[in-house]
Structures are given as C-alpha cells and as structure tokens.
Amino acid sequence: MPKRHWKTKDILLSITAFLIISIVKSAAVIGVLLTAVAYSVWLERKVSAHIQNRWGPTRVGPFGLLQPLADGVKFIFKEDLTQPHVYKPLYIAAPIIAVVFAISSIAVIPFGNWVNIGPWGTYLQITDLNIGLLVVLGITSMGVYGVALAGWSSNNKYALLGGLRASAQMVSYEVSLGLSLVGVVIMAGSLSLRDIVDAQGGVFWGFIPRWNIFHGQTLAFFIYMISAYAETNRTPFDLPEAESELVAGYHTEYSAMKFAMFFMAEYANMVTVACIATLLFLGGWHGPIFGPPLLQAIMPVIWFCLKVFFFMFLYVWVRWTLPRFRYDQLMAFGWKVLLPLAVANVVYTALVVAWRA
Amino acid sequence: MLHLILFLFFGLICVAGAINLLAQSHPINSALSLIVVMASLAALYLLLGAEFVAAVQVIVYAGAIMVLFVITIMLLNAGAEERTRGSRIATLIGVPGVVAGGTLVAWTLLRRPDRPAFAIGALKGGPSDIARLLFHDYLLPFEVTSVLILIAIMGAVVLASRPEAVARGPRKDGE
Amino acid sequence: MVPLSCYLVLSGILFVCGVLGFLIKRNIITIFMSIELMLNGVNLSFVAFAAQWHALSGQVFVFFVMVVAAAEAAVGLAIIIAVYRTRETLNVDRVNLLKL
Amino acid sequence: MALAPPITDIEQLKSHPALGRLLAWNASAVEAVKFDRDELTIWIAQESIREAATALRDFADCPFNYLADLTAVDWYPSEPRFEVVYHLLSISRKERVRLKARLDGSSPAIESVTSIWPSANHYEREVFDLFGIRFTGHPNLSRIMMPDNWEGHPLRKDYPVEGYR
Amino acid sequence: MTNLPATFAEPGQDGTLILNMGPQHPSTHGVLRLVLEIDGETIVRVKPEIGYLHTGIEKTCEAKFYQQVVPLTDRIDYLCPMTNNLAYCLAVEKLLGLEIPPKAQWMRVLMNELTRINSHLVWLGTHAMDLGAMTVFLYCFREREDVLRFFEMVSGQRMMTSYFRIGGLALEPPLGFFEKVKKFADRFPGNVDEYEGLLTGNPIFVMRTKGVAHLSADDAIAMGACGPTLRGSGVDIDLRRDAPYTGYENFKFNVPVRTEGDVFARYLCRVAELRESIGIVQQALAGMPEGPVKADAPKVVLPDREKMKTQMEALIYHFKIITEGFTVPAGEVYQAIESPRGEMGYYIVSDGTAKPYRVHMRGPSYANLQALAKMCEGQLIADVVAAIGSIDVVLGDIDR
C-alpha cells in the first residue's frame, strides 16, 4: 500500500476501506491456502503412487480429484477420541496452536506485484512488513509448541519421545535455516520479502535469470531446503513421527479433526517453506512475460505458483525416495555440517558484498 | 485512540499472563502463560515502533528460550508443584513489601504523568538502524556477548551431559 | 496516545509479578521463569524509554538483555537438569543442602 | 528303500568324533548310543549332562559350539518318562550329534546348559513351559509361550487336549 | 555368563524409562513385543516377550496323520511355506527311507529358491520401510507378486501352498510354467539392481545400517543365530552346501559371507543371496529332468487321480492312506534345511504308528530373536528397528 497521511476526517473511511480490502485479501489467501493444503495431500498421494507403480486415489471424482473433500468429510465425521489420561486443555490446544501458526505465516507472503482492480489497487499480499522475513521465522518458530505440547499432553511415551525429538530438532535446524537466509538478506539489503524479490529482477548475459540461486546463493539454497525439510518434519527428517519407531510420534493419540489439524499444519508449513524458497531463491514471481494483456497481468502469479508447485513436488519426490535419518545422525548433521556451512556462506556473501561496494 | 485501545488490550493480556504464571501450579501452564506474556510484549514493542525488537522477541524469547523451558519440563516430567513451607520471612515480609513498593512506584509515575504522546510507528526501529548501532557504536559489547553465549553453551553442554559411569551403572546379572 | 508512564507502570507490574513468583513459587523451573518475567518487564521499560527519547540505544540494550537471558536459560536449565538427576526433585526447599 | 538297521554297539561307533571324545572324557556317563538313519544319538546320564556338554564344546578337534536345538519328548506312561534332546552342531567340521538325557516323571529337573550355550536360554524356557521340566541354574526360568498364569504343560502326553474342564 | 542378555531392571531404576514396543507396533513385524529399557533414546536392555501367536502346532501334529501335518507346516513361517514343507517332507522321507524321483527333487530346489526370493523380498521391503524408505517396499512386492503367482500356478494357493508332499510333489507343474519362471528369472537381476540403487548406495541408508547392531562371530554362534544373521557375522555355513539335501549338490552357487556383523552386512548377504537364488533357479530350469514327480511307493504316496479311477489297487491304497494313514518305522530324525532365515529343523519321533509321536520345529527366527537382545544393547531406539529388520523375524516361526 502506498503511504497515506492519516487525517481525522477521512480516517474512518480509510479504515473501513483498509479493513474491507484486508478482509477480502485474507479470506482469498486463506481460501487458496487451505485448498492448496488439501490438494497437496492429493498431490502427495498421486505422485507417490506413480513413483511406486500404483494408481493412487481414483474413485472420488476424475483422477480422484475430489478425494481431499472426501477425506475432509471423513475427518469431520470420525469419532473424536480423547483418552482419559491426557492433559485435556493442552491436548485440545496443541493441534489448534499448530494449525494457527502454520497458516498465519502466509500473511506476509507476497504472491505478485501491484494490481489494479477498477479504482482500487493493492499488492497481492495480505500485508507488507519491512521485517516480513523475520515475521515468518518468528511465526514458524512458534509452531514447535503445537508439536511439543501434543507430545507432552498425550501422556504417552511414544508421543512424549516424538514431542521431545520434534522440539529439539526444530530448534536446532532453525539456527541453520535462519543463517542460510542471511546471505540473501545481505544481498538484498532488506528484510522485506517484496524488496528481496525485487532485487532479483533481470537476467545475466541475457538468459540466466538473476535469481539468488544463480547469484552466489546456491549453497544457501540447499542449506535452506535441507533445514526446511527438517523444520517441517518431512522425510528424511520425519523422526518426530517416525512410524517405525514411535508409532506416530506426537500425534499417536490424536484422531478425527484434531489429527487432521496436524496434517493441515504440516502441509501448510510445506506451502510456506515452498513460498519462502520461491521468494528468496527462485526470484518469486519473476519470469518471462508474454501474451495478451490479461495473461500478462496474471503471468507473475502463474510463475509464482509454478515455482511453489515445483517445491511441493520436490518434497513429495524426496519423501518417497529417501530413508529416514537416525536421531543422533540428524542432530550431528544439523550442528556439524549445516551450521558451519551456513556460517561460511554468510561470511562469504558478506565479503563479496563488501568487496563490491 | 487506537494506540490506547491496543495498549490496554495487550497490556491486560500481559498482566493476566503474569498473574496466571503465579497462579498456576503446574510448570507447563506457567511456561505457556509466560509465552503469552512475551507474545503480547512483542505486540507492545510494535506499538512503540520497535519492530525489529518485536520480531527478535518472538524468535528468541518465545521461539527459543521458552522452548528450552518446555523441553526441560517435558524431559524432567515435572509434575504439579508441591506446596512446602518455604522461607516464612520471604513470604511474610517480601510479598507485602514488593506489592507496597510496586504500588508506590506506580503511584509516583501516574501522579504526574508526562504526556509525550507518541503515535504508532513514530520511531523507526528498523533493522538497518539497529544494525548501524549494533555493529558501530556497540561493537565491543556485541562481541563480548557473543563470547558470553559461547561460554554459556559450553557450560550447558558440560553440565547437562551425564558421566558415562552413571549411565551404565553396575547391575545385578542374570536374566 | 499513551503516556510513557503507562508503559513504565506495566513494566513495573510485570517486574513485581516476577519478584512475587520468585518469592512464593517453590518449583525451581517456575522460579526461573519468574526471573525471565522480570527481565521482560525491564525490557519493556527500555523500549519505552527508547521511544520516549528517540534514541535507539535503548532497543540495542534489549538485545543484550536477551542474549544474557538466553545464556542464563541455557546454563540455568542445565543446572536444573543436573540437580534433578542427583536430588530427583524440583522443589527448592528440598535442595537446600549443599550435600546429598 | 530299505532302512539299514540301527547300530547300537559302542565299539563300532568309536570313530565318530563326538562319541570318541565323550568316551575319552568319561565312559561311564555314556549310557547308550544309537546310529540310525545317519544320525548319532548318545544317551548321557542326566546328572553329568552339563559336564558332557562342556566337554563337547571345548573339544579342540571338533568343537560342538553350536546348539542347534533343545527340546524334550514325553514317553508317558513309561519311566523314565522324559527325554531331553540336544542337537549339537560343529560349525567348523559340520558334524552333528544328538545328546539325550532321561528324566523321571515325578519331578523332572536337569541342569541348565545356558552357561555353555547361551542360546539354550529360550529353548529351556520353552521346554519348561510346555513340558514342565525344570532346568536348575537357568537365569530366568519362566513361561515363554503360554501366559504366566497358565495351568499345566500342554505338550505332556497326559495334558487334556481339550483343556481343563 | 557374559553372553547372557543381562537383567531387566525394575522400571525407573537408574532413571530409565520402560518402553513397550509391541505387540501392536508398526515395525515389530507381527505380534512381537519388545520391552525396552531406555535411557533417553539409548537402549539399556531389550527383553523380547513372545507367545502371542502360540497356537500349539507341535501338539496339533501329534493328533494328525503324517500327511495331514504338511498343511500345518505352511502356517509356521508363513513367508516361506515351501521350505517348511520341504523340511517336514524330507524328515518323514528320511524316517521312511524313501527315495524321490529326480524331477521332484529339481522342482523342489526350484520352488525352494523361489520361496527364498519371495521371503527375502518381503524382508527387503519391510526392512527398508522400517528405515523410512517406503518405495522399496512396493517395488519388492511387485516382484513378490510374480513369485506368488508361480506358487498359485503349481499349487492353487498363493501363500499356504502345501505343494511338497511326502514322496514328491502334489501335482505336475502346469503347462507354460517353466517359460514364465524363465522370463521372471531373466528379468529379476535388473530388479535387484533397482533395489540396490535405492538402498546400497544411499548415504542415509548406509548411515542407518553400517556399524549398527553389531554381532561378533563368537556372539552369533553363542546366541544360536543362524542363516544370514550368522553369515553376516562372518561364519561361513550354509546347509545347502554343507549338508546338501534334495539334490542341492548338483547346483553351483556361492554362499555370501560378510565379516562386519552389522545390519549392513546382513543386508548385503541377503541381497547377494537373492542373486544367487535366481542363479540356482536358472540352473534348475536349464537342467530340469523328465520323469514322474512322485515316488513309486503306493503305500505312502497317493495315487494319481486317473489310476484311482481305473485300477482297483490304487483305489484301495487311496482309501487306506486317507482313512488310516501310513505307518512309519519307529525312530527319530532331525532334518535341517537352509530356510531363508536360517536353519529350519524338524525333529520327528515316530513310534511306528500312522501319527507322529512328537514333532518339534526348530525355527530360525526363534534362534535369531535371542541374538536381537545382544545386538541392541547400547544402541538407539531407531537401531532396534533396524536390528529387528536385519534378523528378519517371522512371528509365526517363533511362536508356532
């Protein structure tokens, strides 16, 4: 939003307009996000099936496209079991915490540039903060409570071990995750996601896009992806819910909608990670623009979505290819490999930027 | 106006969280109310224009330090607090004393309020300004704290790791 | 428009709550959390003063406090774990002897 | 097609390493011997089973270091009622031998061989569970297959097949 | 006493936690229950609790005619029915002194090796799935499906085959069977390459398995481990080679042995065995002799259907075998064969009647399970899962 000077007489009007636009944007983004979450489950099932010589969901709708709907209905109507020995307030709060923090980080993620719809114009983003990246990090760092409290309040040893593993793992990998982003921040000179994307416009030698991944941050990209996989508890880092050891880890005791909330949180986190990776390393909505004006207008969003889809696909691909780490190996990898590499990347980027300046 | 509403809102949450911390007997509830306090403090920092501090408050305090507390509580499987007779003097003299002192300070402050009304975002606490201060004017303290935290990490590792002899103590033999 | 004193009073309330927790709680972890609460109260007044005098140094101080708090939490919790291992209690009244 | 008749003469079988070793060690403990269908069976006096087992395991030429199987047979109603059967294998020489010890039916007990072959642990528990034969010196002689509160020992021939009524 | 699995401490002793793994747990392969005593995530002690599947097959055998026991043997180790059939049939044939014709022997070898492939595929899939690599599981089951189809072709059953009978086979293999097996045998090494591509070279898989759940050769022998578990610890023993049965002396194959004694070594042994087995299948197909598949022993072997309808004698024998069984000379045998999991032994005591006096099955998993406790001490919880996978337990085999 461009800067406005608030005056007392039109303050009410502008607040109303601001509220309406914000609510519409929020509703649209949340709607899209939840649909994306539902369909990433479908995508996961379909891709994994094809990796494994299976068909995946085919019964509900064409290509099983209505499967997420059926799953949702199933989750709602399933009996919601609450074991007698759980610590009830936290047991109920944990999935809510998980899903709320997973979804709310989408608020600062930009999907595209400024658009004009009739007389109104807006950024394709719920809100643009100049510390957007930090907000995302802060919100995702709060997500660990959902997992940890679920494990603790279930009053189950498997769940407790899962919760402990999850919290230790997420706190550890957050360090290298945060450090891997510092290089990008140094290059862009801003913490605003919009500025970071804007800094990646243009091309080298006419054909290589000036995305950060091609612009000295390749190492950071891989560190980010690995840490992000660990942060979202996905294979090969899915130890908190390693079904072969801990049955289902922190959500062993959950059923019905509460279980579905953890599921939603996991996939929403994946979407967030994919969005951040796209924005920070793959140039966000930048990409070749062509075609008729209407197409040109929505082209950036399409590019953004394609890149996010690529990351979601990568997630699924990795999950169904790799085995799982062991817990000590995971910790050693995070602290002894990723962290030094991330620090080295920060130092290197800082030196290069200082030398160029 | 908006500022006042938001201040009251988050301030009340803050106070409620702090009092809940005292009232709860189970440490995990106390920890969660402390997280609430910290999150609403972050909101207050935003009101004061210190947005970077607010973000760091959430990431470091709520996201890392309190996770440590929660992990410790989970790890030690701490149950509800048992009520024991603590130091009588602390309770009998300390509590009224502290409350009285606090009231006195509050009364002093509110009696003659200076009214430097500042609006939302009046002060730029952006990352670049903070960075300039931190890496220019306060470089030495910054480096000293980095050494401090390194030492703290090493100390924590040494303290928390158990000697091998304890873990594999001798036991009766035979199945 | 909120005057500085309101922030200071809020900060004071938090600090007092922390002190009270320190005095009346018997669980060592909760006592430790009370200390964090006091630090948070102080941080608030730092930020409020920084806003009042338009000086960012106050905010920088908050960072230092946070770093110290983080270091303190790490060491303190490690000590608590070590104590719990030998005493098997978290009640400070049962940890009042230097020897076992 | 026709089966060769079993050889029960100790003198004819002396060339077999296990029997040779046992005779050299303590000939009086060898109660009987049978070579039937290419398999050698040696009956050992039940009180010396542990020493015999040790002697076979520590036999330098052909160490019977692998306890392939341990089970029992119930010859109810004849006495001695039980036979505990040990199948030994020499990993290096690929020789097999079967040791047997006869036990009385009244309160069957025999020395445990867990200290010689630790693998006997579960086998002896199983025999105890299903036949009720006690193994003295076993570190944890408890039921393994049946529930802990089960009555009777199912593989005994006098166990009612349809359960206690 | 050093080799014994040490005691189980009282719960909470030394600040340890008792974790009940099983009997319903995703990776205990059936109803195995392991009581783990853990310190953090480190295993202090493992105590297997078994018996949840105990159905008393040994007792049931005593009430059946000799030929009626064959279907029971399928149900012991339900992943390798044919090897169980074979061990039992060999034992009874040894008691009877019965020679079986060469074609039946070669068919037995062929089916036996297919069974080994079947069992190893299930092992490989579940082992990989325990370590988080689920795709391998489905790949393995794709090939296992082919093997099960072969079982169905010869016996009409996919799992409980009962194809080997006392005195030979139940039926001639159907037309086109050998061609189909040949096609499979030609394709299969490529599939093994595929599995290995996903696992052997995968750094995470190697990290999870190398040096994990180590078992020295001495410990392995002392704890009675057998089969690939023993060979993975460097003990070179394979009954197919060392005590050849049913014509294995006519086949050339290597016995893979690894000396490392860890999960990875056992994995490599079994994968190498997959390749050796398919080699044996190829040899069996190439040299399959002609002739009958049943021994010429009318008192023991059921007559062909055709003869039964045309010859009076055959009808009488059929009637007698079915109604009163056949008597077996008194005596006892212990017949061991190399099942996919190790030494599968049948100890049968005959008292000269038509029913076995005592049948004891020496299950390889039962023996390997004892080694599990030894392997797991000092490892992490995740390693227990890898160790269970590496010894390839089948609970039907343990509990019987």
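**Reading charge pairs and cavities**

Modeller: Let's begin with D:R102, which counts as partly exposed at 33% relative accessibility. Please keep in mind that this model is predicted.

Colleague: Thanks! With which residue does D:R102 form a salt bridge?

Modeller: The general idea is that side chains carrying opposite charges can pair when their charged atoms come close. Here the partner of D:R102 is D:E83, with 3.9 Å between the closest N and O atoms. The two sit 19 residues apart, D:E83 in strand β4 and D:R102 in strand β5 of chain D.

Colleague: And is D:E83 buried or exposed?

Modeller: D:E83 is buried, because its relative accessible area is 6%, and buried means under 20%.

Colleague: Where do E:D193 and E:R275 lie?

Modeller: First, their contact: the closest N and O atoms of this salt bridge are 2.7 Å apart. E:D193 belongs to helix α6 and E:R275 to helix α11 of chain E, so the bridge ties together parts 82 residues apart in sequence. E:R275 is partly exposed, at 30% relative accessible area. Salt bridges with shared partners also build one network, whose members include D:E83, D:R102, E:K94 and E:E332.

Colleague: Now for empty space. How many cavities of 30 Å³ or more does the structure hold?

Modeller: In general, rolling a water-sized probe over the atoms shows where empty space remains. This structure holds 5 such cavities, and the largest contains about 330 Å³ of space. Its lining has 26 residues, with A:T140, A:M170, A:E231, A:T232 and A:N269 nearest the centre.

Colleague: Which element gives the largest share of that lining?

Modeller: That is α10(A), with 7 residues. By class, the lining of the largest cavity has 17 nonpolar, 6 polar and 3 charged residues.

Terms used
Residues are numbered from 1 along each chain as its sequence is written. Chains are lettered from A and ligands numbered from 1 in the order in which they are written. This is a predicted model: local features need pLDDT of at least 70, side-chain atom pairs count only at pLDDT 80 or more; totals for chains, interfaces and linings use all residues. Side-chain values use heavy atoms; hydrogens and water are left out. On a 1 Å grid over the protein atoms alone, a cavity is a set of points where a 1.4 Å probe fits but cannot get out, and a pocket is an open set with protein on both sides within 12 Å along at least five of seven lines; lining residues have an atom within 4 Å of a point. Grid points are joined across faces, edges and corners, and a volume is the space filled by probe spheres set on the points. Helices (H or I, at least four residues) and strands (E, at least two) are DSSP runs, numbered from the N terminus. Ala, Val, Leu, Ile, Met, Phe, Trp, Tyr, Cys and Pro count as nonpolar, Asp, Glu, Lys and Arg as charged, and the others, Gly among them, as polar. A salt bridge is a side-chain nitrogen of Lys or Arg within 4 Å of a carboxyl oxygen of Asp or Glu. Buried means under 20% relative accessible area, exposed over 50%, partly exposed in between (1.4 Å probe, protein chains only).
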